Amino acid sequence: GMYSRSQRMRDLFEICVRTAATDATVLILGETGTGKELLARAFHRRSERPGRMVSINCAAVPENLIDSELFGYVPGAFTGAEDGAEGLFRAADGGTLFLDEIGSIPLQVQYRLLRVLQEGRVRPVGSDREIDVDVRMIAATSVRLDEAVASGSFRHDLLYRLDVIRVVLPPLRDRPEDILFLFGHFMRELSEHHGLSRPDLEDSFLDALQSYHWPGNVRQLENLTERLLLTHHGRESLTADHFAALAAPAHEGEPDIEQFAGTVPDLDRDLPEVVQAAVDRTEEAYLRAALERTRGRVVRTAEMAGISRRTLLRKLKRLDIDRSAYRLGRGSD
């Protein structure tokens with residue numbers, strides 16, 4: 001599921017091929033959008049482990065829930081825990097557990113992770129019994145864990161346990177030979193998926209594509225390619241100006257908050273009501289923009305917003321946002 005003409009990437013693929021069948025933990029480092037989860041899935045597929053791969057974005061789970069998400073819980077372990085849950089480690093038994101953004105896990109949970117790696121057993125929240133698990137752990141992060149260790153926010157012994165097979169995914173700007181190659185791949189794949197003709201592209205468009213710095217890496221390139229197809233199919237030849245408009249930040253053109261500084265407040269409502277109304281407007285604008293970018297994908301939208309899937313669904317219901325309207329990039333009415 002990963003494509004590249006870059007020798008650096010091909011070297012990483014070779015590491016995956018050579019080490020995937022082992023039980024050694026893997027630490028994948030790289031900026032957001034470089035393909036960390038794709039590489040983790042490649043490790044799992046090559047491992048031939050009989051179980052499935054289970055993934056979690058640790059940054060999207062509230063601190064007070066990460067314990068029960070990973071290790072499970074028994075009935076009555078806490079308020080609302082009526083039925084109990086097996087947790088992600090047991091769900092991944094015999095397979096692979098992928099912990100994305102592991103640097104955001106609280107210290108007390110890091111200690112429990114370390115014990116699982118050392119002993120191969122988990123203890124559900126509220127239980128006094130440990131359960132054996134056979135899980136190959138793959139962790140990923142976009143932050144420097146050595147700096148987190150130095151600041152005291154990440155355990156050095158856990159880092160040593162995780163850092164057996166280290167893979168560093170280079171950003172897209174450091175492998176320019178992949179930009180046009182991946183753009184062409186996404187263009188073919190997405191035009192077939194949507195049943196749309198590809199627009200004509202002038203040399204200036206392709207030059208701008210190659211010279212762009214791609215802060216969102218491969219994920220940004222894929223999203224831009226799909227937006228290009230959906231909004232410009234059947235149009236005239238596209239130039240560098242079209243690329244600049246496509247690559248503009250999502251917030252560009254939105255009103256500057258400073259222009260509202262002198263606005264007369266609505267004194268017919270009390271302060272909490274006014275503040276809540278402003279929060280609702282901001283949340284709605286943010287979530288609509290995020291759904292537009294992720295094409296209505298709930299999990300990716302929750303990850304972008306830094307909230308859990310359940311919280312996102314609750315907010316969408318409260319704000320009366322229909323996520324299905326964004327599944328083909330249509331946007332709102």
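A disulfide here is a pair of cysteine sulfur atoms within 2.5 Å. With that cut-off in hand, how many disulfides does a search of the whole structure find? The count is 0. Keep in mind that you're looking at a predicted model. Two of the cysteines are still worth a look. Cysteine 16 has a relative accessible area of 4%, so it counts as buried, and cysteine 58 is buried too, with a relative accessible area of 4%. We'll run into Cys58 again in a moment.

First, the overall picture. The protein has 14 helices and 7 strands. Of its 333 residues, 41% count as buried. The chain also brings far-off stretches together: take the contacts between residues at least 6 apart in sequence, and 73% of them join residues at least 24 apart.

Now for the inside. In soluble globular proteins, nonpolar side chains tend to be buried together. In this model, the largest nonpolar core has 32 residues, and the ones with the most contacts inside it are Leu70, Phe89, Leu99 and Leu113. Which helix gives the most to this core? That's α5, residues 107-119, with 4 residues. If you'd like a single residue to zoom in on, try leucine 99. Setting aside residues up to four places away in sequence, leucine 99 touches Ile56, Cys58, Leu70, Leu113, Met137, Ile138, Ala139 and Ala140. So there is our Cys58 once more, in contact with Leu99. There's also a second, separate core of 21 residues, which includes Tyr212, Trp214, Phe243 and Ala247.

While you're around position 112, have a look at a charge and a ring: arginine 112 lies over the face of phenylalanine 71, at 4.3 Å from the ring centre.

On to the aromatics. A pair of aromatic rings is described by the distance of the centres and the angle of the planes. The structure holds 6 such pairs. Take phenylalanine 183 and phenylalanine 205: the ring centres are 6.3 Å apart and the planes sit at 40 degrees, so this pair counts as tilted. Where do the two partners sit? Phenylalanine 183 belongs to helix α8 (residues 177-194) and phenylalanine 205 to helix α9 (residues 203-211), so the pair links distant parts of the chain, 22 residues apart. Phenylalanine 183 is at 4% relative accessibility, so it counts as buried. Phenylalanine 205, with a relative accessible area of 0%, is buried as well.

Tryptophan 214 and phenylalanine 243 make another aromatic pair, this one edge-to-face, with 6.0 Å from centre to centre and 75 degrees between the planes. Tryptophan 214 lies in the loop between α9 and α10, while phenylalanine 243 is in helix α11 (residues 240-247), so the pair ties together parts that are 29 residues apart in sequence. Both tryptophan 214 and phenylalanine 243 are buried. Step back and you'll see a cluster: ring pairs link Phe183, Phe205, Tyr212, Trp214 and Phe243.

Just along the chain comes helix α10, residues 217-232. It has 16 residues and reaches 22 Å from its first C-alpha to its last, close to the 22 Å expected at 1.5 Å a residue. Its buried residues include Val218, Leu221, Leu224, Leu228 and Leu229, along with polar ones such as Asn217, Gln220 and Asn223. After α10 comes glycine 234, whose phi is positive, near 75 degrees.

Asn223 leads us to the last stretch of the tour. Its C-alpha is separated by 7.2 Å from that of arginine 293, although the two residues are 70 residues apart along the chain. Arginine 293 sits in helix α12 (residues 271-294) and is partly exposed, with a relative accessible area of 39%. Arginine 297 follows in the loop between α12 and α13. Is arginine 297 buried or partly exposed? At a relative accessible area of 37%, it is partly exposed. From its C-alpha to that of serine 324 is 9.0 Å, with their positions 27 residues apart in sequence.

Finally, alanine 302 is found in helix α13 (residues 298-305). Alanine 302 is buried, with a relative accessible area of 3%. Leaving out residues up to four places away in sequence, it touches Ala60, Ile307, Ser308, Arg309 and Leu312. Alanine 302 and valine 61 are 241 residues apart in sequence, yet 9.6 Å apart in space, C-alpha to C-alpha.

Notes
Residues numbered from 1 in each chain as written. Predicted model: local features only at pLDDT ≥ 70, side-chain atom pairs only at ≥ 80, totals over all residues. Heavy atoms only, no water. Core = buried A, V, L, I, M, F, W, Y, C linked by side-chain atoms within 4.5 Å. Buried < 20%, exposed > 50% of the residue type's maximum accessible area, 1.4 Å probe, protein only. Helix = DSSP H or I, 4+ residues; strand = E, 2+ residues; numbered from the N terminus. Contact = heavy atoms within 4.5 Å. Expected span 1.5 Å × (residues − 1). Phe/Tyr/Trp six-rings, centres within 6.5 Å; stacked < 30°, edge-to-face > 60°. Lys NZ or Arg CZ within 6 Å of the ring centre and 35° of its normal.
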